[in-house]
Amino acid sequence: SNYIFEHEAIKAASKFIYEPSINLDTGLTISTPGVKHAVSFRLEGFDHVLTFSGRRSRNINIEIDKIQNLDPKEAIERILFKLPSEKDPLIKAVYYYLKYLRSSEIEPRNLLVEKEDIQTSYSLLKDEISLDPNVMKLKTYIIPSLAYIETDDKKAIELLEEVISMLSRYNFPPSLRAYYAYSNFGVLAYNSGNWCGAYESFDAAIDIAKNIGLEAPPEIEQYRDLAKQKFQ
């Protein structure tokens, strides 16, 4: 996104190792132009808060800060005022996610509306395959939230598998939301009899907790070890 990153990006790319494309008729290697790879640079602490990067980030970060600091009802009124004129799917997804968050602070809670908001936020980005780090980051907030309120365990498992795959594939640093994604998946996997998945998820959650200075409940280690015993 800026020329100052070019030197380090080129250094990183020079270390990549690919298997060559093969011409199926001749069996020989062939040139494959147009291969793209995102090289992400993250500021320390960037992944721990809902903050975006890049040219369009300043205004939305200011807006996020305002919405998060308003009274919940005032925050929702502001979101409802902003939504009709917003065309950018990413920013619309942010608004619906924040509406879901702030609505949960109002008693009595309207769980149906909360679920509709987080589902709408997810649907806006569901088919987005961009390597935009802002899109990927927002997904790591939205998907665990949707899985948390999902009443169908099978669907919740699928959602958590999606976000865990993303966290691993794009090398997201350890964070509280990553911890909850792995620990919640571990519980669901354990309850469904997926002992290997439960062990790996609990083990990852324990490792993340150590990295971020979080004291994980001892039950996680107990269930991790029980899961290991069951698939050995």
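**Exercise 1. A pair in the first helix**

With which residue does Glu-8 form a salt bridge, and how far apart are the closest N and O atoms?

*Solution.* A word on the input comes first. This is a predicted model, in which local features need pLDDT of at least 70 and side-chain atom pairs count only at pLDDT 80 or more, while totals for chains, interfaces and linings use all residues. Residues are numbered from 1 along each chain as its sequence is written, and side-chain values use heavy atoms, with hydrogens and water left out.

Step 1: apply the criterion, a side-chain nitrogen of Lys or Arg within 4 Å of a carboxyl oxygen of Asp or Glu. The partner of Glu-8 is Lys-11, with 3.7 Å between the closest N and O atoms.

Step 2: place the pair. Glu-8 and Lys-11 are 3 residues apart in helix H1 (residues 6-13), so about one helical turn separates them. Helices here are DSSP runs of H or I with at least four residues, strands are E runs of at least two, and both are numbered from the N terminus.

Step 3: check the exposure. Buried means under 20% relative accessible area, exposed over 50%, and partly exposed in between (1.4 Å probe, protein chains only). Glu-8 has 40% and is therefore partly exposed; Lys-11, with 38%, is partly exposed too.

**Exercise 2. Two further salt bridges**

Find the salt-bridge partners of Glu-114 and Arg-224, and classify each residue by accessibility.

*Solution.* Step 1: recall the principle. Side chains of opposite charge can pair when their charged atoms come close.

Step 2: take Glu-114. Its partner is Arg-109, and the closest N and O atoms are 2.7 Å apart. Glu-114 counts as buried because its relative accessibility is 3%, whereas Arg-109, at 42%, is partly exposed.

Step 3: take Arg-224. Here the partner is Asp-203, at 2.9 Å between the closest N and O atoms. This pair links distant parts of the chain, since Arg-224 sits in helix H10 (residues 218-231) and Asp-203 in helix H9, 21 residues apart. Arg-224 is buried at 16% relative accessible area, and Asp-203 is partly exposed at 30%.

Step 4: set these pairs in context. The whole structure holds 8 salt bridges.

**Exercise 3. Packing of H2 on H3**

At what angle do the axes of H2 and H3 cross, and which residues make the contact?

*Solution.* Step 1: choose the descriptors. Two packed helices are described by the angle between their axes and the distance between the axes.

Step 2: read them off. The axes of H2 and helix H3 (residues 72-82) cross at roughly 145° and come within 8 Å. Axes are lines fitted to C-alpha atoms, for helices over the stretch in contact, with angles from 0 to 180 degrees between N-to-C directions.

Step 3: list the contact residues (heavy atoms within 4.5 Å). H2 contributes Glu-63, Lys-66 and Ile-67, and H3 contributes Ala-75, Arg-78, Ile-79 and Lys-82.

Step 4: sort them by class. The contact has 3 nonpolar, no polar and 4 charged residues.

Step 5: look for pairing. A network of salt bridges links Glu-63, Arg-78 and Lys-82.

**Exercise 4. A nonpolar surface patch**

Which residues form the nonpolar patch on the surface?

*Solution.* Step 1: name the members. They are Phe-16, Tyr-18, Val-35, Val-39 and Phe-41, with about 470 Å² of accessible area together. Areas come from the Shrake-Rupley method with a 1.4 Å probe.

Step 2: examine one of them. Phe-41 lies in the loop between strand E2 (29-30) and helix H2 (57-69). Its relative accessibility is 41%, so Phe-41 counts as partly exposed.

**Exercise 5. From one residue to the whole chain**

Where is Leu-124 found, and which residues beyond its sequence neighbours does Leu-124 contact?

*Solution.* Step 1: locate the residue. Leu-124 belongs to helix H5 (residues 111-125) and is partly exposed at 26% relative accessibility.

Step 2: leave aside neighbours within four places in sequence. The contacts of Leu-124 are then Pro-89, Lys-92, Ala-93 and Tyr-96. Leu-124 and Lys-92 are 32 residues apart along the chain, with 7.7 Å between their C-alpha atoms.

Step 3: widen the view. The protein chain has 10 helices and 2 strands, and 36% of its 232 residues count as buried. Its C-alpha trace spans about 65 × 50 × 35 Å along the principal axes.

Conventions. Patches are made of residues with over 30% relative accessible area and no salt bridge: like charges are joined within 9 Å, nonpolar side chains (Val, Leu, Ile, Met, Phe, Trp, Tyr) within 5 Å. Ala, Val, Leu, Ile, Met, Phe, Trp, Tyr, Cys and Pro count as nonpolar, Asp, Glu, Lys and Arg as charged, and the others, Gly among them, as polar.
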